[in-house]
Amino acid sequence: MKTRILGWVAFVAVAVMALVALFLVPADLNQGDAQRIMYPHVASAWLAYLSFGVTALAGIGWLWRRDIRFDSVALSGAEIGVMFTAFAIWGGMMWGRPVWGVFWQWEDPRLTTTAVLLALYAGYLLLRRLTDDPERRATRAAIVGIVAAVDIPIVHFSVEWWRGLHQTATIGSPDKILNPAAPVPFVLTLVGMVLAFTLTWTYLMIRRYQLAQADLGREESARVERIMEARAAEATR
Amino acid sequence: MTDVGYIVAAYGVIFGGLALYTVTLWRRLRRR
Amino acid sequence: MTALRYEARLALAIAAKDARAEMRGRQAVVSTLFFAAVVLLLFGFALGPDRARLAEAAPGLLWLALVFAGVLAVSRLHLIETDDGALEQLALYPVPRRAIYAGKALAGLAVMAVLGLVVLGAVAVLFGTSIGSAIVPLLATLMLGVVGIAAVGTFYAGLTVRLRAREVMLPLLMLPILAPLLLGAVKATAAALAGDPFGELGAWLQLLVAFDVIMLTAGLATYGYLLEDG
């Protein structure tokens with residue numbers, strides 16, 4: 001019941017923030033209306049990384065406690081995370097084209113690191129599909145999730161250094177907005193968007209977790225059925 | 001494409017995608 | 001004998017066993033080498049014949065060839081084990097998991113080091129880069145880079161060896177992790193060849209060291225789980 005309320009609150013928040021970002025907040029002086037894309041783009045990126053962290057931590061939880069619920073959390077984080085990662089990249093490209101003139105800029109640490117993140121998520125999810133035993137699957141996934149999480153900061157740092165050498169000016173980075181001296185309406189809109197998205201993320205995580213647990217139950221009963229059938233077949237031989 | 005096109009593409013995919021995923025989750029949960 | 005020394009000797013013993021197995025089946029090492037050579041050849045066709053462009057791309061091509069050949073090299077070292085269930089046997093012994101990982105990674109490093117030297121020479125010849133003047137930083141970069149490939153590759157090879165579709169899962173899992181290593185190694189190589197005009201070589205080498213240390217630690221810490229239920 002509480003989850004349902006959360007869901008509707010999140011929905012309203014997201015709808016309101018979308019309208020605010022599109023119509024209420026003023027356009028940027030330099031970038032024009034295209035800058036409005038920044039709000040959902042940054043919010044998505046934040047959630048992509050949060051999800052990733054949750055997946056890695058849940059993996060540690062599984063290895064440590066062997067409670068399969070941790071793995072359900074990890075799976076939820078990965079599936080929802082890959083979605084937000086795709087959103088972040090797409091938003092970044094749609095924002096980049098009008099502002100930078102190109103869809104992609106290799107030295108932008110955020111964009112490039114998020115692309116690597118997408119590849120890591122994809123590998124993680126594919127790996128899960130290839131293992132049927134729930135405990136082995138959880139262990140393999142946990143290991144991969146942890147190593148991938150360790151890699152992400154290294155990627156980010158290395159691309160930042162790459163950019164530093166190339167000395168490209170990054171116009172229109174969210175840094176300007178996150179700077180406290182930035183205009184208040186921009187900051188408020190960004191914060192609002194991030195909050196609305198985070199509420200949605202929480203709701204989706206809860207629902208996906210419930211689905212994962214339900215799937216485990218079905219897997220288990222299917223397995224029991226098969227064992228019973230095999231035994232029955234043997235008995236009648 | 002004017003800026004509006006990019007904005008529509010960005011918002012459309014992100015917010016539309018969120019909606020789509022939510023609905024898909026609901027359906028998968030209902031089947032359980 | 002302290003526990004650490006015991007583990008170290010164990011790791012060396014495993015490494016020696018694997019290396020010997022590889023040398024005996026010499027075709028494996030040789031065919032990995034030939035694979036790297038073929039990759040370089042194709043790069044030549046794809047990017048040539050302009051010598052200037054090839055020379056400029058040489059550091060990138062060197063490391064791409066090493067990374068791709070590295071995938072093959074590490075997968076082989078774990079295949080030895082599965083072919084007769086030896087990996088399961090190994091997991092049964094009360095052997096510290098870290099030692100198994102260290103041993104396999106060492107064997108992988110040995111193969112990669114040989115691979116690295118040969119490919120470096122081939123790149124110098126095919127793409128016209130003069131390595132003589134920068135030989136020390138080049139070798140340092142080479143070593144740091146192949147340590148990373150061996151560390152990461154051994155780990156994922158162990159993970160994927162019992163999976164379905166392991167031929168595609170190994171590169172799919174391993175290569176994104178290696179992105180920062182690739183970047184650092186290529187940049188360091190390019191800087192070394194150019195005589196380090198901007199003084200960036202040190203920083204890139206530091207990145208490689210950090211990557212190696214972090215990945216080796218992660219591998220040592222989690223390889224045990226991989227053997228138990230992986």
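Visitor: What does contact mean here, and how far apart do the closest C-alpha atoms of chain B and chain C lie?

Guide: Two residues are in contact if their C-beta atoms, placed from the backbone, lie within 7 Å. Keep in mind that this is a predicted model. By that rule no contact joins chain B and chain C. Their closest C-alpha atoms are separated by 25 Å.

Visitor: OK, so which chains have the most contacts between them?

Guide: Two pairs of chains touch. We've just seen that chain B and chain C don't make a contact. Of the pairs that do touch, the one with the most contacts is chains A and C.

Visitor: Which element gives the largest share of the side of chain C that touches chain A?

Guide: On that side, 26 residues of chain C meet 25 residues of chain A. The elements giving two or more residues to the chain C side are helix H7 (166–177), helix H8 (179–194) and helix H9 (201–229). With 10 residues, the largest share comes from H9(C).

Visitor: And how many residues of that side of chain C are nonpolar?

Guide: Let's take the rest of the split before the number you want. Three residues of the chain C side touching chain A are polar, and three are charged. The nonpolar ones number 20.

Visitor: Switching to chain B: how many of its residues take part in the contact with chain A, and how do they divide?

Guide: Chain A brings 24 residues to this contact, and chain B brings 17. On the chain B side, they divide into 12 nonpolar, two polar and three charged.

Visitor: What percentage of chain B is buried?

Guide: Chain B has one helix and zero strands. Its C-alpha atoms fill a box of roughly 45 × 10 × 5 Å along the principal axes. A residue needs 20 or more other C-beta atoms within 10 Å to count as buried. Of the 32 residues in chain B, the buried ones make up 16%.

Visitor: Back in chain C, where is C:Ala165, and is this residue buried or partly exposed?

Guide: C:Ala165 has a positive phi of about 55 degrees, though it isn't a glycine. Most residues other than glycine have a negative phi. You'll find C:Ala165 in the loop between helix H6 (135–160) and H7 of chain C. Because 13 other C-beta atoms lie within 10 Å, C:Ala165 is partly exposed.

Visitor: What about C:Asp196: which loop holds it, and why is its class what it is?

Guide: C:Asp196 also isn't a glycine, and its phi is positive, near 55 degrees. The loop is the one between H8 and H9 of chain C. C:Asp196 has 16 C-beta neighbours inside 10 Å, so it counts as partly exposed.

How values were computed
Residues numbered from 1 in each chain as written. Chains lettered and ligands numbered in written order. Predicted model: local features only at pLDDT ≥ 70, side-chain atom pairs only at ≥ 80, totals over all residues. Helix = DSSP H or I, 4+ residues; strand = E, 2+ residues; numbered from the N terminus. Nonpolar A, V, L, I, M, F, W, Y, C, P; charged D, E, K, R; others polar. Buried ≥ 20, exposed ≤ 12 C-beta atoms within 10 Å, placed from the backbone.
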